[in-house]
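I opened this notebook to keep track of what I looked up, one topic at a time. My two topics are the pockets and the packing of helices.

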Amino acid sequence: PAAFPAGTKVEVRDLFYATPARLKFMKSPRTETQNVRDVIERLAMAYPDVSFRLTVDEKEALDYPSTNGDLYERRLSRLQQVMGREFAENALRIEAEREGIRLSGYASLTTLNRGTNQHQYFFVNGRPVKDRLLIGAVRGAYMDFLAHDRHPMLCLFVDLPPETVDVNVHPAKAELRFQDSAIVRGLIVDGLLHAIAQAGHRASTSVADQTLQSFQVPQSAPRWDGQYRQGTFAANASLRETPPAFYAAGNLALDTA
């Protein structure tokens, strides 16, 4: 035992030393490292006021310092650390409540989307989950704005009384069973649609930058010097030199009406 007032430090060594039978279920070091990273990222999103640092083979893989401000400011700052600056600059604040169930978080503009739903994070009472009901609710909210193979980026938090949700459906507790799933789904759909409607025609910064660049004059294009010039129109030489016998033979009919 030793005092560690700065926080909590967890160190794991020789996890499978005494149980070699489990070693065969391990995947490549890169895959297992990514799985650990995913767990740390989700914990960091749930607790923005806590600092997280991940070290793998004596190399720093993640470093998320604690954030300041109110709850929404702390969450957005943490989401910028995890999901990137582009998401933070194009995120819509989500806030809704219905029958004791509260929805909060951030979702991307419709113009900021990805080809997979890997950038969708859900938390129920602070627990990270991967529930099909929540994923389906998001798809239903964006179905009129995105193609079927495009997915928004988001991080949503659902808080509800613990007795209204069963967390023992999945061995890893990744899936849930809500007492009233229709209310939860409707709350998510309505909350997202309201935020999208409030944003109006606002486009993501990446789309706006691409649009502006498309209007820029190429460097190689000649610029007008402000002077108008007169020129003489010259018909095609082959038509000018066509012999009169060609027309006399009826090869070209002219309408003189």
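The entries below take the pockets and then the helix pairs.

**Entry on the model.** I note at the outset that this is a predicted model, and I read every value below as computed from it.

**Entry on the largest pocket.** I looked up its volume and found about 1,700 Å³ of space in the largest pocket. I then asked which residues lie nearest the centre of the largest pocket. They are Val10, Glu11, Val12, Leu54 and Thr55, out of a lining of 30 residues. Turning to the elements, I saw that helix H1, residues 29-46, and strand E1, residues 52-56, each supply at least two residues of this lining. H1 gives the most to the lining of the largest pocket, namely six residues. By class, I recorded 15 nonpolar, six polar and nine charged residues in the lining of the largest pocket.

**Entry on the second largest pocket.** For the second largest pocket I wrote down a volume of about 770 Å³. Its lining has 25 residues, and those nearest its centre are Asp38, Val39, Arg42, Tyr121 and Lys130. When I traced the lining to its elements, those giving two or more residues were H1, helix H2 (71-83), strand E6 (120-124) and strand E7 (127-129). H1 again appears here, with the largest share of the lining of the second largest pocket, seven residues. The classes of this lining came out as 11 nonpolar, seven polar and seven charged.

**Entry on H1 and H2.** Since H1 had come up in both pockets, I went on to its packing against H2, where the angle is about 165 degrees and the axes are 9 Å apart. An angle over 145 degrees counts as roughly antiparallel, and H1 and H2 are therefore roughly antiparallel to each other. Is their crossing left-handed or right-handed? I found the crossing of H1 and H2 to be left-handed. On the H1 side the contact is made by Glu41, Ala44 and Met45, and on the H2 side by Arg78, Leu79, Val82 and Met83. I counted five nonpolar and two charged residues in the contact of H1 with H2, with no polar ones.

**Entry on H4 and H5.** I looked up a further pair, helix H4 (residues 132-142) and helix H5 (residues 181-199), which pack at an angle of about 35 degrees with their axes 9 Å apart. The crossing of H4 and H5 is right-handed. From H4 the contact includes Leu133, Leu134, Gly136 and Ala137, and from H5 it includes Ser181, Val184, Arg185 and Ile188. I closed the entry with the classes in the contact of H4 with H5, which are 12 nonpolar, three polar and one charged.

Key. Residues are numbered from 1 along each chain as its sequence is written. This is a predicted model: local features need pLDDT of at least 70, side-chain atom pairs count only at pLDDT 80 or more; totals for chains, interfaces and linings use all residues. Side-chain values use heavy atoms; hydrogens and water are left out. On a 1 Å grid over the protein atoms alone, a cavity is a set of points where a 1.4 Å probe fits but cannot get out, and a pocket is an open set with protein on both sides within 12 Å along at least five of seven lines; lining residues have an atom within 4 Å of a point. Grid points are joined across faces, edges and corners, and a volume is the space filled by probe spheres set on the points. Helices (H or I, at least four residues) and strands (E, at least two) are DSSP runs, numbered from the N terminus. Ala, Val, Leu, Ile, Met, Phe, Trp, Tyr, Cys and Pro count as nonpolar, Asp, Glu, Lys and Arg as charged, and the others, Gly among them, as polar. Axes are lines fitted to C-alpha atoms, for helices over the stretch in contact, and angles run from 0 to 180 degrees between N-to-C directions. Angles under 35 degrees count as roughly parallel, over 145 as roughly antiparallel, 65 to 115 as roughly perpendicular and the rest as oblique. A crossing is left-handed if the near helix is turned anticlockwise from the far one by less than a right angle, and right-handed if clockwise. Contact means heavy atoms within 4.5 Å.
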